[in-house]
Amino acid sequence: MSLNQGALSRSVLLEIIQSKRFGVEYQPIVDLSTNDIIAYEALSRFYSSEGEAIRPDLVYASLHENPITLFQVEYAQKQLQLEYRPPETLFVNLDQDAFFATDVEVYNNPFVQLIRGQEEGNVVVELIENSEINDAIMSLSMIEAFDALGIDTALDDLCHPHSMISVSVLQLVKWVKLDRCVLRMAHNEVFMKFVRQMIEFARTTNKKIILEGVETQADLEMARMLSVDCVQGFIYRPDFINKMPEC
């Protein structure tokens with residue numbers, strides 16, 4: 001079975017962790033009106049001992065079985081992402097389960113301390129829009145903590161069909177990232193009415209809107225039709241930092 005087609009074996013996962021076969025890719029976030037890069041998102045990358053790329057979602061799905069190991073890997077990823085970051089604003093994803101894996105009080109959480117060490121206003125913490133109420137509660141607690149410290153937050157995957165919307169979470173974030181499914185479902189009139197309402201809400205509450213998954217010129221045209229502020233996707237060449245150890 002390919003490493004990209006199913007669950008990871010424990011031996012493969014253990015080898016990745018012990019050898020720290022981690023990498024990071026910095027994907028540009030582009031201002032749609034000027035075509036300037038205004039920020040990057042740090043994307044986690046993982047590799048086998050043979051140098052084969054392993055899907056991050058497979059790694060994280062396996063890690064969720066052990067919260068402390070999840071915390072350790074997520075923290076190591078954030079250290080790597082911040083150490084080699086470009087000078088522009090950096091968006092970093094933060095897993096709720098990893099954040100709450102320790103018994104440390106929220107404001108003293110290791111992730112909070114790590115991000116507070118960066119230049120003020122230069123890191124945006126992304127939280128995923130989830131389908132579970134407990135995840136939404138954790139997201140709100142995290143956002144409230146970062147907001148109190150003056151650290152901007154973003155809501156990721158808004159409008160994904162399997163997500164739910166927490167009004168409290170949506171109110172606090174400074175950035176809203178529309179899921180790539182918006183482009184795939186552009187033909188669905190009812191769905192797109194909802195998308196436009198979410199965009200209007202974000203705009204009237206002074207939030208910036210990013211459309212993810214932009215890969216073609218047609219996707220860019222759709223972004224312009226929706227009047228989003230920024231776009232992100234593989235139509236733009238990422239900056240890639242590979243910190244994988246020698247095989």
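The accessible surface of the protein adds up to about 12200 Å², and 50% of that belongs to carbon and sulfur atoms; these areas come from the Shrake-Rupley method with a 1.4 Å probe, and for residues only the protein chains shown count as cover. This is a predicted model, so local features need pLDDT of at least 70 and side-chain atom pairs count only at pLDDT 80 or more, while totals for chains, interfaces and linings use all residues. Residues are numbered from 1 along each chain as its sequence is written, and side-chain values use heavy atoms, with hydrogens and water left out.

On to the overall build. The secondary structure comes to ten helices and ten strands, where helices (H or I, at least four residues) and strands (E, at least two) are DSSP runs numbered from the N terminus. The C-alpha atoms fill a box of roughly 45 × 40 × 35 Å along the principal axes. A compact globule of 247 residues would have a radius of gyration near 18 Å, and the protein agrees, with 18 Å; the radius is taken over C-alpha atoms, and the globule rule is 2.2 Å times the number of residues to the power 0.38.

Now for the inside. Of the 247 residues, 51% count as buried, that is, under 20% relative accessible area (exposed is over 50%, partly exposed is in between; 1.4 Å probe, protein chains only). In soluble globular proteins, nonpolar side chains tend to be buried together. The largest nonpolar core holds 68 residues, and Leu 178, Val 182, Leu 211, Val 228 and Val 231 touch the most other members. Such a core is a set of buried Ala, Val, Leu, Ile, Met, Phe, Trp, Tyr and Cys residues joined through side-chain atoms within 4.5 Å. Apart from that core lies another, of eight residues, including Phe 91 and Cys 230.

Contacts (heavy atoms within 4.5 Å) often reach far along the chain: among those between residues at least 6 apart in sequence, 67% join residues at least 24 apart. Leu 155, found in strand S6 (residues 153–158), is buried, with a relative accessible area of 1%. Leu 155 and Val 125 are 30 residues apart in sequence and 8.6 Å apart in space, C-alpha to C-alpha.

Gln 217 sits in helix H10 (residues 217–226). Leaving aside neighbours within four places in sequence, Gln 217 is in contact with Arg 224 and Ile 235. The C-alpha atoms of Gln 217 and His 160, 57 residues apart along the chain, are separated by 22 Å.
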